[in-house]
Amino acid sequence: MRKILFTILLALVLFLPMTALAATVKDSAMAQIKAAAGKAEIEEPIATQMIIINAIRISLGFVGIIFVGLIVYGGFMLLTANGEEEKVKKGTDIIKAAVVGFLVVMLSYAITTFVGDRVNPLVSQGGVVER
C-alpha cells in the first residue's frame, strides 16, 4: 500500500507542474502568433486545419461544376443523337456517370462541411466546444 501511495504522490509531484507549464507555453505561443499577425496587419491568424478544409471545399466546388458540365454534355449528346443507338447509349452513360459523380461530390462536400464546423471551434477556441 505504501508503494502505491508513494508512486501516486511521486507522479503528481513530477507531472502536475508539466501541465501548468504546457498551458503557459501554449498561451505564450498564441500571444506571439497574434502579435506577429498584428504587425503583418492580419486580423486573426488562420489555422492550418481551416486552410485545408477551405481548400477541399473550393476544389469540390470546381469538381461539382465539372460534373454539371458533363450532365449538360450528355444531354447535348442525347439531343443530337437523331435516333442513333450508339450516341443515345453514350449520352445516357455520360449522364448516369455524371449524376453519380455529382452525388459523390455533394456527399463529400456535406462531410467536409460537417467536419469543418466541428473543427473550427476546436481550433479557434482552444479546444472548447459548446454543446
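Start by colouring the chain by pLDDT. This is a predicted model, and the mean pLDDT of the protein chain is 78, with 66% of the residues reaching 70 or more. Pick out helix α1, residues 2-39, and you have the element with the lowest mean pLDDT, 64. Helix α2 sits at the other end of that ranking, with the highest mean, 89.

Now switch to cartoon view. You'll see three helices and zero strands, so to speak an α-α-α pattern when you read along the sequence. Of the contacts between residues at least 6 apart in sequence, 59% join residues at least 24 apart. Buried residues make up 14% of the chain's 131 residues.

**Stop 1: helix α2**

Select residues 48-79, which is helix α2. Its 32 residues reach 47 Å from the first C-alpha to the last, close to the 46 Å expected at 1.5 Å a residue. Which residues of α2 are buried? Show M50, I53, L60, G64, G74, G75 and M77.

**Stop 2: T112**

Next, click on T112, in helix α3. Buried or exposed? T112 is buried, because its relative accessible area is 12%, and the cut-off for buried is under 20%. Leaving aside neighbours within four places in sequence, show what T112 is in contact with: I53, I56, R57 and L60. Two of those names, I53 and L60, you have just seen among the buried residues of α2.

**Stop 3: the R57 salt bridge**

Keep R57 on screen and add D117. Their side chains meet in a salt bridge, 3.9 Å from N to O. Why is this pair worth a look? R57 lies in helix α2 and D117 in helix α3 (residues 85-124), so the bridge ties together parts that are 60 residues apart in sequence. D117 is partly exposed, with a relative accessible area of 44%.

**Stop 4: the K89 salt bridge**

How many salt bridges does the model have? The count comes to two, so go to K89 and D93, whose side chains meet at 3.1 Å, N to O. These two are four residues apart in helix α3, separated by about one helical turn. K89 is exposed, at 52% relative accessible area, whereas D93 is partly exposed, at 36%.

**Stop 5: V88**

Step over to V88, also placed in helix α3. V88 counts as partly exposed, with 29% relative accessibility. Not counting residues up to four places away in sequence, V88 touches L78 and A81. If you want a distance to draw, try V88 to G74: they are 14 residues apart along the chain, and their C-alpha atoms are separated by 9.1 Å. G74 is one of the buried residues of α2.

**Stop 6: the surface**

Finish by turning on the surface. The accessible surface of the protein chain comes to about 10,500 Å², and 71% of that belongs to carbon and sulfur atoms. Where is there a nonpolar patch? Select L107, I111, F114 and V115, which together make one of about 390 Å². I111 is found in helix α3, the helix that also holds T112.

Technical notes. Residues are numbered from 1 along each chain as its sequence is written. This is a predicted model: local features need pLDDT of at least 70, side-chain atom pairs count only at pLDDT 80 or more; totals for chains, interfaces and linings use all residues. Side-chain values use heavy atoms; hydrogens and water are left out. A salt bridge is a side-chain nitrogen of Lys or Arg within 4 Å of a carboxyl oxygen of Asp or Glu. Buried means under 20% relative accessible area, exposed over 50%, partly exposed in between (1.4 Å probe, protein chains only). Contact means heavy atoms within 4.5 Å. Accessible areas come from the Shrake-Rupley method with a 1.4 Å probe; for residues, only the protein chains shown count as cover. Patches are made of residues with over 30% relative accessible area and no salt bridge: like charges are joined within 9 Å, nonpolar side chains (Val, Leu, Ile, Met, Phe, Trp, Tyr) within 5 Å. pLDDT is the predictor's confidence in each residue, from 0 to 100. The expected span of a helix is 1.5 Å times one less than its number of residues.
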